[in-house]
Amino acid sequence: MSRADVLVSAEWAEQNLNAPGVVFVEVDEDVSAYDKGHIPGAVKLDWRLDLQDPVRRDFVNKEQFEKLLSSRGIAGDDTVILYGGNNNWFAAYAYWYFKVYGHRSVKLLDGGRKKWELDGRTLDAETVTRDATTYQATEQDRSIRAFRDDVVAAIGAQNLVDVRSPDEFSGKLFAPAHLPQEQPYVAGHVPGATNVPWSKAANEDGTFKSDAELQELYGDLDDAKDTIAYCRIGERSSHTWFVLRELLGLKNVRNYDGSWTEYGSLVGVPVEREV
C-alpha cells in the first residue's frame, strides 16, 4: 500500500472539492470547530454524538452506522476524505472506524485542518446538505480492533505501543491535564509497553513524517510480532495504528479503544508505574 492509497494532499483536495464520488468529512476533538468554518462541501461527524453508543461505552452498531452515513449522504462506493484538527487526531479515529465497518475507499487529508489553514485555503460556514443514501456496512472487522483480553494476552508476547505522553505512561498523570474528568482507577502502563507519543509521527504542519523518519521512530518494534496500540480512549492510538498499518505496512496491527481508561480500571491485571 502506498501513501497515495490512504492520503491526499491539500492541493489534491482543493482540486477535487466537487468531484463526483468524493465526500469530505470533518471530525474534530473540538466539535464546534466545523461550525465556525469548514472545507467547502464537507459534512460533519461528531465523534461523541455520532460515533459512540449513547448508553454503552462502545461503537454504534452496524445498523446505527448505516443510518448515520445514509443521513449524511455517503454511499458505499464514495471515496471519503477525512480531516480534522490537532494533526487529524479524531479524523484518524474515524478512518479506523470506517475501516472496522468495511468502507472500501477512505483516506486522510494529510495535515488535516491545520495544514489547510496554514495554506490559507478557503473555509466557509455554509450549511451542507447531501441527498440521503442507503448505506450498507459490513460486520465489524475484529482483526484491527483489540479488546481487554487481547491486551492481557499480549503482555510479553506482542508489541504493545503506548502512545500517550511520557507523564501518562510513567504514572505521573492519570490523563491529559485538560481532561482531568476522564480518569482510570490507577495510573501507569501495560507491562512491557513501549512509549512512543503519537504526535511524534507528525510534522509541525500536521502532515505525516517521511517513511524513513517513521521507521526510525518505531524501530524498536519487533516485526515478527503482532502489535496493539493504545492510549486513553483509543483516538490517539488510531493515529499510530494508521501510521503502523497504513503507512509502514505492518501486518496484524490492532487498536485497543478501551485503552487506559478501561485497562487502568480492571481488577487484577498487572500494571507498571515509574513514579
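## Exercises on a predicted model

Leaving aside residues up to four places away in sequence, Thr240 is in contact (heavy atoms within 4.5 Å) with Val161, Val163, Trp198, Tyr218 and Ala229. The model is a predicted one, in which local features need pLDDT of at least 70 and side-chain atom pairs count only at pLDDT 80 or more, while totals for chains, interfaces and linings use all residues. Residues are numbered from 1 along each chain as its sequence is written, and side-chain values use heavy atoms, with hydrogens and water left out.

**Exercise 1.** Determine in which helix Thr240 lies, and whether Thr240 is buried or exposed.

*Solution.* Thr240 belongs to helix H10, where helices (H or I, at least four residues) and strands (E, at least two) are DSSP runs numbered from the N terminus. The relative accessibility of Thr240 is 0%, and Thr240 therefore counts as buried; buried means under 20% relative accessible area, exposed over 50%, and partly exposed in between, with a 1.4 Å probe and protein chains only.

**Exercise 2.** Work out the order of the five strands in the open sheet, and then find which strands stand at the edges.

*Solution.* The order is S6-S10-S9-S7-S8, with parallel pairing; two strands pair if DSSP finds at least two bridges between them. Strand S6 (145-146) and S8 each have a single partner strand, so one side of each lacks a neighbour in the sheet, and these two stand at the edges. H10 packs on this sheet, where it touches S7, S9 and strand S10 (253-256), and the direction of H10 makes about 175° with that of S10; such angles run from 0 to 180 degrees between N-to-C directions, and axes are lines fitted to C-alpha atoms, for helices over the stretch in contact.

**Exercise 3.** Describe the surroundings of strand S7 (residues 159-162), including the bridge partners of Asp162.

*Solution.* Start with the pairing: S7 and strand S9 (residues 227-230) are parallel and share four bridges, whereas two bridges join S7, also in the parallel sense, to strand S8 (residues 194-195). Next, take Asp162, which stands opposite Tyr230 in S9 and has Asn195 as its bridge partner in S8. Finally, consider the two faces of S7, both of which are covered, since Asn159 and Val161 on one side and Leu160 and Asp162 on the other are all buried.

**Exercise 4.** Characterise the packing of helix H5 (residues 85-100) against helix H10 (residues 236-247).

*Solution.* Two packed helices are described by the angle between their axes and the distance between the axes. The axes of H5 and H10 come within 7 Å and cross at roughly 65°. H5 and H10 are therefore roughly perpendicular to each other, a class that takes angles of 65 to 115 degrees, with those under 35 counted as roughly parallel, those over 145 as roughly antiparallel and the rest as oblique. The residues making the contact include Trp89, Tyr93 and Trp96 of H5 and His239, Trp241 and Phe242 of H10.

**Exercise 5.** Determine whether His178 is buried or exposed, and how many Å separate the C-alpha atoms of His178 and Asp131.

*Solution.* His178, in the loop between helix H8 (166-170) and S8, has a relative accessible area of 51% and is therefore exposed. The C-alpha atoms of His178 and Asp131 are separated by 38 Å, with these positions 47 residues apart along the chain.
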